[in-house]
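Trainee: I would like a close look at one part of this model. Please start with a single strand and work outward from there.

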Amino acid sequence: MSLVPGSVRPRRLRTTPALRRLVSEVRLHPADLVLPMFVKEELSEPAPLGGMPGVVQHTVDSLLDAAREAVAAGVGGLMLFGIPEHKDPIGSQADAPEGILNRALALLHEHLGEDTVIMSDLCLDEFTSHGHCGVLDDSGAVDNDATLDRYASMALAQARAGAEVLGLSGMMDGQVAYCREALDAAGFTDTVIMGYTAKYASAFYGPFREAVDSELQGDRKTYQQDPANGREAMRELGLDLAEGADVVMVKPGLPYLDVLAEVARESIVPVWTYQVSGEYSMIEFAAAAGAIDREKAIEESLISFKRAGTDAILTYWATEVAQRLQTEAAGTTASGAAVGAATGARR
């Protein structure tokens, strides 16, 4: 039996907004979104970032206000980055109990710890005078194993401060196992480790360097992944899972949707992705120039991550998008209630 010409029409499922909503394969929810936040030690008021319109370096006070706004919008978690006043070759402020990151984590944990998930970036680049993600050896190269000792100390400091999820973003070999062992030995068996399984040496991190006052000399190509390599990410995934990662990360997002999709297919733990600073800024600047519709481009970019298989998205638009989703959901509920009332009246 042959089909009558024209009888197969996929467009039938696209005819109305309600029908498109009903058959949508993936959806965004506020709880899918994690807000990255920057807190800087020496500030007396928030400092806007020129390369990331709408994003600021926070004071401790403004950090708490912005965090409360995000939680009220239903955002799933807060990822905190700290910028100390003093930097040195080993990043000594990274694990100092009174260092800016750990003080800020303790503050958020105290006020919001029961309402959201407090996360911390576990990396040295914000704290070192050379801007690398680890300590350097005599030749100026990053010393992988010496850096692991620093990471373990940071893990303990952040867990004590109240971080529930530690984002191991430094891309040192063995970092997940080393930190897991240190945490478990100290009694922090419930602290979650998010392994940055695929973190690429990307040009899209550019605006982030301003956000953390990076003093990077050179590049990070000896420890972050080569953008040309996809299979390598699967090798990293296998290692992170074997070492005990509770969550895995793909970063950046849009340029690596193929990697994200492959990791999502193979991972037995939740997979997250980070919509990095360059991705954010491209949309903001293009929209400001009138080249694209800002809100539609934001939504489309986030939907693409969900379609590729991510479970959660770190994005600087987390609060804004969560608020918009709440408003849309309230509107749909109100419309449905009105229809229901009218139907009931007719009965």
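Mentor: What follows starts at one strand, then moves to its partners, a loop residue, the salt bridges and the core. Keep in mind that this is a predicted model.

Start with strand 7, residues 192-199. How many of its eight residues are buried? Seven are, so the strand counts as mostly covered, given that buried means under 20% relative accessible area. As background, side chains in a regular strand alternate between the two faces of the sheet.

Now look to either partner. Strand 6 covers residues 165-168 and runs parallel to strand 7. Four bridges join strand 6 to strand 7. Find Val-165, then look across to its bridge partner in strand 7, Val-192. Strand 8 covers residues 247-251. Strand 8 also runs parallel to strand 7, and four bridges join this pair. Here Met-194 stands opposite Val-247.

Next, follow the chain from strand 6 to strand 7. Helix 5, residues 175-185, belongs to this stretch. Strand 6, helix 5 and strand 7 together make a β-α-β unit, and the unit is right-handed.

Stay on helix 5 for a moment. The side chains of Asp-184 and Arg-180 meet there in a salt bridge, at 3.1 Å from N to O. Both residues lie in helix 5, four residues apart, which is about one turn of the helix. Are the two ends buried or exposed? Arg-180 is buried, because its relative accessible area is 11%. Asp-184 has 34%, so Asp-184 is partly exposed.

That bridge sits within one helix. The structure holds 13 salt bridges. Take Lys-306 and Asp-32, whose side chains meet at 3.5 Å, N to O. Lys-306 lies in helix 10, while Asp-32 lies in the loop between helix 1 and strand 1, so the pair ties together parts that are 274 residues apart in sequence. Both Lys-306 and Asp-32 are buried.

Another bridge starts from helix 10 as well. The side chains of Glu-320 and Arg-294 meet at 2.7 Å, N to O. Glu-320 is in helix 11 and Arg-294 is in helix 10, so this pair ties together parts that are 26 residues apart in sequence. Glu-320 is partly exposed because its relative accessibility is 24%. Arg-294 is at 25%, so Arg-294 is partly exposed too. The pair belongs to one network of salt bridges that share partners: Glu-284, Arg-294, Glu-295, Glu-320 and Arg-324.

Now go to Thr-315. This residue is in the loop between strand 10 and helix 11. Thr-315 counts as buried because its relative accessibility is 0%. What does its side chain meet in a polar contact? The side chain of Gln-275 does, at 2.7 Å. Beyond its sequence neighbours, Thr-315 also contacts Leu-33, Val-34, Leu-35, Pro-36 and Leu-302.

Finish with the core. Nonpolar side chains tend to be buried together in soluble globular proteins. Here the largest nonpolar core has 98 residues. Among those with the most contacts inside the core are Phe-38, Leu-78, Trp-272 and Tyr-274. Look at Leu-78 in particular. Leaving out residues up to four places away in sequence, Leu-78 touches residues including Val-34, Leu-35, Met-37, Leu-108 and Ile-118. Val-34 and Leu-35 are also contacts of Thr-315. That completes the route from the strand to the core.

Definitions and conventions: Residues numbered from 1 in each chain as written. Predicted model: local features only at pLDDT ≥ 70, side-chain atom pairs only at ≥ 80, totals over all residues. Heavy atoms only, no water. Buried < 20%, exposed > 50% of the residue type's maximum accessible area, 1.4 Å probe, protein only. Helix = DSSP H or I, 4+ residues; strand = E, 2+ residues; numbered from the N terminus. Pairing = 2+ DSSP bridges. Right-handed = clockwise from strand over helix to strand, strands pointing away. Polar contact = N/O pair within 3.5 Å; in protein donor to acceptor, adjacent residues only side chain to side chain. Contact = heavy atoms within 4.5 Å. Salt bridge = Lys/Arg side-chain N within 4 Å of Asp/Glu carboxyl O. Core = buried A, V, L, I, M, F, W, Y, C linked by side-chain atoms within 4.5 Å.
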